[in-house]
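Please open the model in your viewer and keep the sequence panel beside it, since each stop on this tour begins with a selection.

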Amino acid sequence: MRIRFYKHLQRLPVAFHERWGSGQLLSRSMSDLSLLRRWLAFGAMMLVVETVTVITGLVLMFTHSWILGLLYLLGSIPIAIKAYRFRNDYRAASRRSQDQAGDLATAVEESVHGIRVIKAFGRGPHVYEGFNAQAKSLQETEITKAKTLASFLLTVVAVPETILGIGLVIGLAQVANGTLSVGSLVAYFAIAAVIAGPVEGMGMLLGMTLSTKTALDRHFEVMDSINDIASPAQPQIPAERDGSVKLEHVRFAYPDTAGTHRPILADINLEIRPGETMALVGITGSGKSTLLNLVPRLHEATAGKVLVHGQDVKDWDLEQLRAEIAVAFEDTTLFSTSIRGNVLLGAPEHLDERQREALLAEALDVAQAQFAYALPDGVDTLIGEEGLSLSGGQRQRIALARAIAARPSVLVLDDPLSALDVRTEE
């Protein structure tokens with residue numbers, strides 16, 4: 001399930017990831033599935049064993065005295081009433097707790113990634129206060145869960161004990177008038193002692209089951225998300241890969257603004273011929289990045305057509321389309337691996353080792369990223385999470401080398417040189 005969850009995340013469109021915090025996705029893939037694993041390994045087995053034990057015990061009680069057996073069985077009525085209220089309250093608290101844990105994980109991740117900004121502005125105490133407030137809120141929710149469970153367990157333990165007290169009085173009266181033997185009375189209480197543990201344990205298992213149900217609901221919230229950007233059932237292959245890009249009457253509006261605001265892009269017509277380099281210039285927020293994201297189908301055009309090699313991108317196999325296009329973003333993202341691994345991330349898979357080395361050298365040379373060879377382990381140097389051990393300009397050069405190493409037919413550059421000096425950029 002965890003592997004399928006991760007695979008599904010990779011397939012979901014960018015719009016989905018823009019709406020979801022990384023901590024929420026992390027908690028669903030790790031904590032929630034760990035709850036399910038514990039329930040399957042322990043809870044489900046104990047639930048079966050304890051249910052069989054209680055039912056067998058009740059049958060034996062009725063065998064010795066149907067009056068005392070019926071009395072013990074009547075004790076399940078107040079427990080069932082309490083269980084109904086407990087289920088609703090505990091599920092709500094459990095869901096709130098797991099959502100808050102996801103938000104807390106997001107806060108930790110953001111503060112770790114943005115630690116340089118936090119330190120530069122001296123906002124450490126402020127960030128701590130925010131985290132402290134979230135942690136205390138989670139703590140209060142967990143205490144509420146514990147109180148709700150404790151209240152239910154009080155009923156589960158107290159009712160059977162009360163029933164046994166009443167049963168003792170009735171049983172002694174039956175022994176006195178000769179309708180019940182001393183041995184049957186002793187057997188009744190011996191059976192009650194045996195099933196007391198399973199009855200109490202079923203209360204704990206109910207709480208565990210409700211938490212697992214909530215975890216499953218959270219898991220399938222993501223798994224049931226529809227991927228509206230996918231390969232067609234019968235993808236087409238363009239007759240000629242000439243490197244042309246064409247937009248015909250393209251319109252785009254983000255889902256939250258469609259129908260209420262003017263679209264980001266409206267009736268865009270653009271043709272980039274094979275071998276041509278074109279720059280799109282506009283003010284901040286004019287839709288340049290959005291337009292570029294339509295080419296590899298990171299976003300889907302609301303209307304109109306985007307053509308690559310003369311074929312509508314909706315008719316392409318998605319993996320083939322993105323193998324034809326390489327993108328270097330302004331917001332540089334590097335991974336916690338070596339420079340070699342980052343640069344060759346999108347390189348053609350059919351290349352042998354010698355060809356990959358040649359491609360790596362060429363990409364670093366074109367991107368003017370020869371500094372990589374001067375690092376302690378050269379191109380095998382691990383650059384740390386998000387490449388924070390490198391300067392902004394170095395990260396952008398590595399990202400540009402990665403786009404070049406993909407050997408694309410169409411190279412899309414979304415202001416990837418903003419951290420470089422003017423001469424290097426030229």
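Begin by selecting helix H3 (residues 22–29) together with helix H6 (residues 76–113), whose crossing is right-handed, a term used when the near helix is turned clockwise from the far one by less than a right angle, anticlockwise being left-handed. In this predicted model, local features need pLDDT of at least 70 and side-chain atom pairs count only at pLDDT 80 or more, while totals for chains, interfaces and linings use all residues. Residues are numbered from 1 along each chain as its sequence is written, and side-chain values use heavy atoms, with hydrogens and water left out. Helices (H or I, at least four residues) and strands (E, at least two) are DSSP runs, numbered from the N terminus.

H3 and H6 pack at an angle of about 125°, with their axes 7 Å apart; the axes are lines fitted to C-alpha atoms, for helices over the stretch in contact, and angles run from 0 to 180 degrees between N-to-C directions. The two helices, H3 and H6, are therefore oblique to each other, given that angles under 35 degrees count as roughly parallel, over 145 as roughly antiparallel, 65 to 115 as roughly perpendicular and the rest as oblique.

Next, keep H3 and show the side chains of Arg28 and Glu221, which meet in a salt bridge of 2.9 Å, N to O; the term stands for a side-chain nitrogen of Lys or Arg within 4 Å of a carboxyl oxygen of Asp or Glu. Because Glu221 lies in helix H9 (residues 182–223) and Arg28 in H3, the pair ties together parts that are 193 residues apart in sequence. Arg28 is buried, with a relative accessible area of 2%, whereas Glu221 is partly exposed at 32% (buried means under 20% relative accessible area, exposed over 50%, partly exposed in between, with a 1.4 Å probe and protein chains only). Extend the selection to Asp32, Arg95, Asp99 and Arg218, which are linked with Arg28 and Glu221 in a network of salt bridges.

Stay on H9 and select Asp217, which is partly exposed at 29% relative accessibility. Which side chain does Asp217 meet in a salt bridge of 3.8 Å, N to O? The partner is Arg91, and, as Arg91 lies in H6 and Asp217 in H9, the pair ties together parts that are 126 residues apart in sequence. Asp217 also forms a salt bridge with Lys213, the closest N and O atoms being 3.1 Å apart; both residues lie in H9, four residues apart, about one turn of the helix. By the same rule, the count comes to 15 salt bridges.

Now add helix H8 (residues 124–176), which packs with H9 at an angle of about 170°, the axes being 10 Å apart. H8 and H9 are therefore roughly antiparallel to each other, and H8 passes H9 in a right-handed crossing. The residues of this contact divide into 18 nonpolar, five polar and two charged (Ala, Val, Leu, Ile, Met, Phe, Trp, Tyr, Cys and Pro count as nonpolar, Asp, Glu, Lys and Arg as charged, and the others, Gly among them, as polar).

Finally, select strand S1 (residues 245–252) and strand S3 (residues 303–308), which pair in the antiparallel sense over five bridges, pairing requiring that DSSP finds at least two bridges between two strands. Leu247 stands opposite Val306 in S3. S3 also pairs with strand S4 (residues 311–312) in the antiparallel sense over two bridges, where Asp312 in S4 is the bridge partner of Leu307. S3 and S4 form a hairpin with two residues between them, and His309 in the turn has a positive phi of about 60°.
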